[in-house]
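Grab a coffee and work through these exercises with the model open beside you. Try each task on your own before reading the solution.

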Amino acid sequence: MKRTPVLAASLLALLAATAPTVAHADTPYGQGLDHCTPVAETTSLACHFDLPPGTYDVTVTLGGDTAGTTAISGETRRALLAETPTGAGERVRRSFTVDVRDPEGEPTGPAGSPGLDLLLGGPAPRVEALRVTPAPAATRLFLIGDSTVCDQPGDPYTGWGQRLPVHLKRGVAVANHADGGESTVTFLANPALFDRVEAGIRPGDPVLIQLAHNDKQTDAAGYRANLTTLVERVRARGGEPVLVTPIVRRWFNADGTLNNGVALLVNGLGVDHPAEIRALAAGLGTPLIDLTALTRARVEQLGPEPSKALYLTAEKRDNTHTSVRGATEYAALVAAELKAQGLLPERAFR
């Protein structure tokens with residue numbers, strides 16, 4: 001159903017009535033809802049700030065005269081603030097930090113638009129004020145991975161890295177450099193991938209490494225060597241490498257357990273990727289997030305039929321890539337491990 005001119009005018013009038021006049025900051029991009037425009041056919045607002053690559057704090061005041069529920073996403077479909085309810089007359093302030101880069105999504109994907117793009121949405125968005133300020137000292141949580149991790153450009157595909165930022169408060173920005181189709185071999189070989197991550201690492205930055213799905217022809221010795229190189233080069237920059245075992249594929253045996261080969265990432269050469277990662281983490285003294293074990297437990301708990309909702313089984317006959325629900329659940333597992341293992345300080349989490 002198309003929005004009528006009357007509805008569009010009403011929405012703009014509502015914005016004018018609820019948004020205070022906000023002075024521009026002494027920067028090229030400023031602040032305020034004057035950077036936002038209504039999205040056709042919705043009650044959402046699209047906001048754009050012309051700014052160079054870097055890390056930026058975003059502070060929003062949510063609420064209004066009527067009750068609402070607001071969620072915020074940005075750049076390439078990154079979930080930045082989970083749905084936040086506000087009662088009639090209630091105002092709440094929330095902040096988060098965003099990594100702005102070029103290209104904004106997958107490193108080998110489309111460039112996207114320069115600057116910072118935010119979508120103020122949710123079931124009933126209520127945003128009274130918005131401010132964007134530089135945060136050059138923010139910690140960056142780097143992600144190295146494949147299509148199960150990356151900022152997927154198109155619905156319904158969603159990587160778990162896309163859903164991770166909602167768990168973090170201001171001060172930590174997720175820098176998702178995962179890229180579809182990459183293996184340990186190609187991530188090291190392509191200058192647009194690890195070389196760029198390496199150049200951006202600062203002392204103390206955590207770097208999560210989940211590469212396995214596309215190492216179908218990588219032998220065990222080569223796989224270990226590639227992961228070791230990644231770990232050593234991260235450490236040389238002062239970063240904190242964290243090895244992550246891959247999410248499972250949804251591939252069941254007749255007894256309701258996951259297949260020990262396809263589902264649990266044993267490649268055609270007999271290389272058991274999760275086992276190799278676990279052993280290497282122990283040998284190198286590197287923190288380990290055993291996402292294979294965690295996602296296996298969740299998929300087997302749900303069983304063959306309900307677990308389809310975690311993947312794109314129904315939509316794409318795809319049992320490897322996750323839906324929004326699956327990516328959301330898996331991101332929560334990663335966030336819980338980051339917190340439990342002290343890989344980020346307690347104050348970093350929502």
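## Exercise 1: A tyrosine pair

Let's start with Tyr311, which is buried, at a relative accessible area of 0%. Keep in mind that this is a predicted model.

**Task.** Find out how many aromatic pairs the whole structure holds, and work out whether the rings of Tyr311 and Tyr330 are stacked, tilted or edge-to-face.

**Solution.**

Step 1. Searching the whole structure turns up one aromatic pair.

Step 2. Look at the geometry of Tyr311 and Tyr330: the ring centres are 6.2 Å apart and the planes meet at 70°. Planes over 60 degrees apart count as edge-to-face, so that is the label for Tyr311 and Tyr330.

Step 3. Now place the partners. Tyr311 belongs to strand β14 (residues 311-312) and Tyr330 to helix α9 (residues 324-340), so the pair links distant parts of the chain, 19 residues apart.

Step 4. Check the cover on the second ring. Tyr330 is buried, with a relative accessible area of 0%.

## Exercise 2: The disulfide

**Task.** Which cysteines form a disulfide, and is that disulfide right-handed or left-handed?

**Solution.**

Step 1. A scan of the whole structure gives one disulfide. As a reminder, a disulfide is a covalent bond between the sulfur atoms of two cysteines.

Step 2. The partners are Cys36 and Cys47, with their sulfur atoms 2.1 Å apart. The cut-off for calling a disulfide is 2.5 Å.

Step 3. Turn to the torsion about the S-S bond of Cys36 and Cys47: the value is about 105°, so this disulfide is right-handed.

Step 4. What gets tied together? Cys36 lies in strand β1 (residues 36-38) and Cys47 in strand β2 (residues 45-49), so the bond connects parts that are eleven residues apart in sequence.

Step 5. Finish with accessibility. Cys36 has a relative accessible area of 11% and Cys47 has 2%. Buried means under 20%, so Cys36 is buried, and Cys47 is buried too.

## Exercise 3: Two open sheets

**Task.** In what order do the strands of the three-stranded sheet run, and which strands stand at the edges of the five-stranded one?

**Solution.**

Step 1. Take the three-stranded sheet. This open sheet has the order β6-β3-β8, with antiparallel pairing. Its edge strands are β6 (91-100) and β8 (127-134), each paired on one side only. Neighbouring strands here are turned by 20° against each other on average, direction ignored.

Step 2. Zoom in on β3 (residues 54-63). Seven bridges link β3 to β8 in the antiparallel sense, and ten antiparallel bridges link β3 to β6. On the β8 side, Val58 stands opposite Val132 and Tyr56 stands opposite Pro134. On the β6 side, Thr55 has Asp99 as its bridge partner. Strand β3 is mostly covered, with nine of its ten residues buried.

Step 3. Move on to the five-stranded sheet. This one is open and antiparallel as well, in the order β1-β2-β7-β4-β5. The edges are β1 and β5 (78-86), each with a single partner strand, so each has one side left without a neighbour in the sheet.

Step 4. Look at one pairing in this sheet. Strands β4 (residues 68-74) and β5 run antiparallel and are joined by six bridges. Across β4 and β5, Gly74 stands opposite Arg78.

## Exercise 4: The nonpolar cores

**Task.** Which residues touch the most other members of the largest nonpolar core, and which element gives the most to this core?

**Solution.**

Step 1. A bit of background first: in soluble globular proteins, nonpolar side chains tend to be buried together.

Step 2. The largest nonpolar core has 33 residues, and Leu141, Trp160, Leu164 and Leu208 touch the most other members.

Step 3. Next, the suppliers. At least two residues come from each of β9 (139-145), β10 (172-176), β12 (240-244), α7 (291-302) and α9. Helix α9 gives the most, with five residues.

Step 4. Follow Leu141 outward. Leaving aside neighbours within four places in sequence, Leu141 has contacts that include Leu164, Val172, Pro206, Leu208 and Leu338.

Step 5. Don't stop at one core. A second, separate core of 23 residues includes Leu33, Val60, Val92 and Phe96.

## Exercise 5: A glycine for contrast

**Task.** Is Gly283 buried or exposed?

**Solution.**

Step 1. Locate Gly283 in helix α6 (residues 273-284).

Step 2. Read the relative accessibility of Gly283, which is 66%. Exposed means over 50%, so Gly283 counts as exposed.

Notes: Residues are numbered from 1 along each chain as its sequence is written. This is a predicted model: local features need pLDDT of at least 70, side-chain atom pairs count only at pLDDT 80 or more; totals for chains, interfaces and linings use all residues. Side-chain values use heavy atoms; hydrogens and water are left out. Helices (H or I, at least four residues) and strands (E, at least two) are DSSP runs, numbered from the N terminus. Buried means under 20% relative accessible area, exposed over 50%, partly exposed in between (1.4 Å probe, protein chains only). Two strands pair if DSSP finds at least two bridges between them. Axes are lines fitted to C-alpha atoms, for helices over the stretch in contact, and angles run from 0 to 180 degrees between N-to-C directions. Rings of Phe, Tyr and Trp (its six-membered ring) pair if their centres lie within 6.5 Å; planes under 30 degrees apart count as stacked, over 60 as edge-to-face and the rest as tilted. A nonpolar core is a set of buried Ala, Val, Leu, Ile, Met, Phe, Trp, Tyr and Cys residues joined through side-chain atoms within 4.5 Å. Contact means heavy atoms within 4.5 Å.
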